[in-house]
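Hi,

Here is the structure I promised to pass on. Have a look at it first, and then read my notes below.

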Amino acid sequence: MAEEKKSLNFIEQIIEEDLKLGLNLDKLRFRFPPEPNGYLHIGHAASICLNFGLGIKYNAPVNLRFDDTNPTKEEQEYVDAIKNDIKWLGFEWTNELYSSDYFQQLYDWAILLIKKDKAYVDNQTSAQIAEQKGTPTKVGTDSPNRNRSIDDNLELFEKMKNGDLKEGSHVLRAKISMTANNMLMRDPIIYRILYEKHHRTGNDWNIYPMYDWTHGESDYIEQVSHSLCTLEFNPHRELYNWFLKQVYSGEDLKPKQREFARRNLSYTVMSKRKLLQLVEEGFVKGWDDPRMPTISGLRRRGYTAKSIRDFSNTAGIAKRDNVTDIALLEFHIKNELNKTAPRVMAVLYPVKLVITNYPENKEEILIAENNPEDENSGTREIPFSRVLYIEKEDFRGQANKKFFRLKLDKEVRLKNAYIIKANAVVKDENGEITEIHCTYDEESKSGSGSEASKRKVKGTIHWVSVKHAVKAEVRLYDRLFTEEAPDAHKEKDFKEFINSESLKVIDNAFIEPSLKTAQIRDQFQFQRLGYFNVDDDSKKDKMVFNRTVPLRDSWAKQNK
RNA sequence: UGACCCAUGGUGUAACGGUAGCACUCCGGUUUUUGGUAUCGUCAGUCAAGGUUCGAAUCCUUGUGGGUCAACCA
């Protein structure tokens, strides 16, 4: 009964340490803080799994807080999509909150800051302010407005708020130090004037708080114990703490910001800006294009919430930059679907197979297992007849003995049906094979228990009956980029590495008739081919399937 | 020529001063009415150099490499 000691990631270690140091377990509180300006992607999923996972582990509240302080970019559409994605991933937030809920409090605190002589109104141009900011290696210089009187600052800030001043003409800045090593500490902007309608507060405000001022204070208001964000916010921590210090009551909990490395995936990009470009410039069909690493794209592609959670959990949380092999994500979806997806037969690149010794008008119903990995999955019926489609690449006139599929004068089993032997081919004027003629062993029917049915033949291939098959469209997806880290090249634009063959559409595939009743999003294993689901575009009279992920193919590998 | 962060097999992560482990990938064997699954196995790692210590992936120093920071974005 050896107790398995699960290793903790560094965030959990920090929490355990805080607990040991006296933090009450019931003070633990987390939040997921998306900006509603785009769709969630697999990288966000890592953060969602982290935060909500901690909530579950410690039985602590986790808020969903929309960081909505920039009305020029944020929209209700994104709010809705984000909520939908989080729910779909299987998580529940304690409270649905918005930074904009705190605009009044943030404003009041800003006045407090001014009164403490820790903030001032600057009416220089943004170019001037940028100029004075210096560079990482050169200190900045003070604004001429830095020593404006408190009364004047109060009055000007009031005017900013009331809409008496022109957009972009004035900002409120924290008075910290223009010589700080950390550029963020060089009198950062706290408020700017923006005459823009906000998706929640409408036209109530003419000024909007900046991220740094908003985020930490929102954490404080919500009493978030551990505010987790990605590595690039590490330099912000100093400012986060500075702002907090200005409003901290001295009694309640002071939130703690910690940073972890965002999760990157090979052969794709993960920045919202770049994903937006792919959408807007038409490289993909939308945010939910099955090639996109967005939650909605993966969902449409056929990835399950569990597979994404499993991926996030096994990939882990750490502080170093990473490019995680997309094979790990693929492993988790295959691993799940192997146990849950019903097996069916579909032929993607059909060629006719005629069983010459099978009676012309005979039809029979064969029984097939739905899923050998799930004994409760039952069986289904498949019609069989004289003329079938098989996969083109499952036949070769001649081939060496490593080729286990159908070849002339050799035998192969038709999955769930009979053993056949190929005898001849019919070719068209171009030498293309149009028909393969074969004979079947009547005694070899699958599951019949006969001696012949137990014969071992090396190959088994899938098929559909021409007369009964249903024509369908099948979309085969490949990685969106040809480069492992498309945005890691400083000299080149990431779009130069777009894979021109990331989508292959087959519009005359044939599927077995049992699939007629399949609903949108239903998932299947097309035997020997891969996992597929029914796409949103699917119609009753024209079904559309997405290939989620192919099956491992050691034959293809061998042939490389 | 700054500050801060980071460095463990091909990839992602553990080991918290005491046997470098797990997963994915790759490669090979067995089983198989899916060249799938399952199962067994192989290959493969502490960035470098010093130092502290009985003992260093772990602590210290220096170096090297990578990342972040100069939006009225988050």
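To start with the RNA: how far is a polar side-chain atom of Arg192 from a phosphate oxygen of RNA strand B? The distance is 2.7 Å. Keep in mind that this is a predicted model, so every value here is computed from it.

Arg192 has company on the phosphates. Arg528 also places a polar side-chain atom 2.7 Å from a phosphate oxygen of the strand, and for Ser554 the corresponding figure is 3.0 Å. The elements giving two or more residues to the surface near RNA strand B are β6 (189-193), α12 (326-340) and α13 (554-558).

Zooming out, 70 residues surround RNA strand B, and Gln13, Arg320, Arg343, Ser446 and Gln525 come nearest. By type, that surface has 27 polar, 23 charged and 20 nonpolar residues. On the RNA side, sugar or phosphate accounts for 62% of the strand's atoms within 4 Å of the protein, with bases making up the rest.

Now for helix α1 (residues 10-20). Its buried residues are Ile11, Glu12, Ile15 and Asp18. They sit on the same side of α1 because they cover an arc of only 120 degrees around the axis. Their cover includes β1 (30-32), α2 (42-58), β8 (226-230) and β9 (256-260).

Both ends of α1 are worth a click. At the start, a side-chain oxygen of Asn9 comes within 2.9 Å of the backbone nitrogen of Ile11. After the helix comes Gly22, with a positive phi near 120 degrees.

Cheers

Note on methods: Residues are numbered from 1 along each chain as its sequence is written. Chains are lettered from A and ligands numbered from 1 in the order in which they are written. This is a predicted model: local features need pLDDT of at least 70, side-chain atom pairs count only at pLDDT 80 or more; totals for chains, interfaces and linings use all residues. Side-chain values use heavy atoms; hydrogens and water are left out. Buried means under 20% relative accessible area, exposed over 50%, partly exposed in between (1.4 Å probe, protein chains only). Helices (H or I, at least four residues) and strands (E, at least two) are DSSP runs, numbered from the N terminus. The arc is that of the directions from the helix axis to the C-beta atoms. Contact means heavy atoms within 4.5 Å. A polar contact is a pair of N or O atoms within 3.5 Å; within protein, one must be able to donate a hydrogen and the other to accept it, and residues adjacent in sequence count only if both atoms are side-chain atoms. A residue is near a molecule or strand if one of its heavy atoms lies within 4 Å of it. Ala, Val, Leu, Ile, Met, Phe, Trp, Tyr, Cys and Pro count as nonpolar, Asp, Glu, Lys and Arg as charged, and the others, Gly among them, as polar.
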